Amino acid sequence: MIYGYIRVSTDKQTVENQRFEINKFIKKTKYHVDEWIEETISGVISPDKRNLGILLRKTVKGDVIICSELSRLGRNMFMIMSILNTLMERGVIIYTVKEGYRLGEDLTSKVLAFAFSISAEIERQLISQRTTEALKRKKSEGVILGHPKGKKNSRHKLDGKEEFIKNQLKAGFSKKVIAQKLHVSISTLYLYLQNKNFS
């Protein structure tokens, strides 16, 4: 099977430019597209949550995927390298029209696949290292990381309404009526009154 893969990030973009590039490419080759896979979705979304994920799962050895450029597969190096490595290990041939890549089972492709897998691993390590360093820096600056244990949320949706509630109670309004005026549940009002130690 030969698949033409097209992805645009927003519905304001058109798939026709990519389709034109792929059609121009296949006119110069023996290929013809058996099935078009199109989607409008950000490249940062995991392939598993895209039509690309369905395509990746159903491809078998000897299949061909043609796309306009590598960036259509994903938005970061790690994602693209991971996708390419998976496809090449499975024996799927990938053509990218603009860059002129042909990635398959030949020796050059296998060397590239190895390079891609190493690059993906390096990218993973760099992300982990950057995260660790950022957390260490914040900790050294005295920033408390995470939600402190046992600490309750100090903000309440009725903060600033205390005077209004007191006046309403003095005027004889029931708690149910006050809660309705404040657009909160009666239990929310009761808890607030309990925390403020007044009835």
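A pocket is an open set of points, on a 1 Å grid over the protein atoms alone, with protein on both sides within 12 Å along at least five of seven lines, and its lining residues have an atom within 4 Å of a point. The views below show a predicted model.

**Figure 1. Overall arrangement of the chain in the predicted model.** The chain contains seven helices and five strands. Read along the sequence, these elements follow the pattern β-α-β-α-β-α-β-β-α-α-α-α. Of the 199 residues in the chain, 34% are buried. Among the contacts with a separation of 6 or more, 63% join residues that lie 24 or more positions apart. The accessible surface of the chain amounts to about 13000 Å². Carbon and sulfur atoms account for 53% of that surface.

**Figure 2. The largest pocket and its lining.** The space in the largest pocket comes to about 160 Å³. Its lining consists of Ser-46, Pro-47, Asp-48, Gly-53, Leu-56, Arg-57, Phe-78, Met-79, Ser-82, Ile-83, Thr-86 and Arg-90. Five of these lining residues are nonpolar, four are polar and three are charged. Helix 2 (51-58) and helix 3 (77-90) each provide at least two residues of the lining. The most is given by helix 3, which supplies six residues.

**Figure 3. Helix 3, the element that gives the most to the lining of the largest pocket.** Helix 3 is built from 14 residues, and the distance from its first C-alpha to its last is 20 Å. This span is close to the 20 Å expected at 1.5 Å a residue. Within helix 3, the buried residues are Met-79, Ile-80, Met-81, Ile-83, Leu-84, Asn-85, Leu-87 and Met-88. Met-79 and Ile-83 also belong to the lining of the largest pocket. Just after the helix comes Gly-91, with a positive phi of about 90°.

**Figure 4. Glu-35 in strand 2 and its contacts.** Glu-35 belongs to strand 2, which covers residues 35-40. Because its relative accessible area of 26% falls between the limits of 20% for buried and 50% for exposed, Glu-35 is classed as partly exposed. Its C-alpha atom and that of Tyr-3 are separated by 5.0 Å, although the two residues are 32 residues apart along the chain. With neighbours within four places in sequence left aside, Glu-35 is in contact with Met-1, Ile-2, Tyr-3, Gly-4 and Lys-58.

**Figure 5. Lys-24 in helix 1.** Helix 1 comprises residues 16-27 and includes Lys-24. Lys-24 has a relative accessible area of 39% and is therefore partly exposed. Between the C-alpha atoms of Lys-24 and Val-97 the separation is 9.1 Å, while along the chain the two are 73 residues apart.

**Figure 6. Lys-176 and Ile-186, in helix 6 and helix 7 respectively.** Lys-176 is located in helix 6, and Ile-186 in helix 7. The two residues are ten residues apart in sequence, and their C-alpha atoms are 5.8 Å apart in space. Lys-176 has a relative accessibility of 56% and so counts as exposed. The corresponding figure for Ile-186 is 35%, so this residue counts as partly exposed. Leaving aside neighbours within four places in sequence, the contacts of Ile-186 are with Lys-175, Lys-176 and Ala-179.

**Figure 7. His-183 in the loop between helix 6 and helix 7.** The loop that holds His-183 lies between helix 6 (175-181) and helix 7 (186-196). His-183 adopts a positive phi of about 60°, although it is not a glycine. With a relative accessible area of 73%, which is over the 50% limit, His-183 is exposed.

Notes: Residues are numbered from 1 along each chain as its sequence is written. This is a predicted model: local features need pLDDT of at least 70, side-chain atom pairs count only at pLDDT 80 or more; totals for chains, interfaces and linings use all residues. Side-chain values use heavy atoms; hydrogens and water are left out. On a 1 Å grid over the protein atoms alone, a cavity is a set of points where a 1.4 Å probe fits but cannot get out, and a pocket is an open set with protein on both sides within 12 Å along at least five of seven lines; lining residues have an atom within 4 Å of a point. Grid points are joined across faces, edges and corners, and a volume is the space filled by probe spheres set on the points. Helices (H or I, at least four residues) and strands (E, at least two) are DSSP runs, numbered from the N terminus. Ala, Val, Leu, Ile, Met, Phe, Trp, Tyr, Cys and Pro count as nonpolar, Asp, Glu, Lys and Arg as charged, and the others, Gly among them, as polar. Buried means under 20% relative accessible area, exposed over 50%, partly exposed in between (1.4 Å probe, protein chains only). Contact means heavy atoms within 4.5 Å. Accessible areas come from the Shrake-Rupley method with a 1.4 Å probe; for residues, only the protein chains shown count as cover. The expected span of a helix is 1.5 Å times one less than its number of residues.
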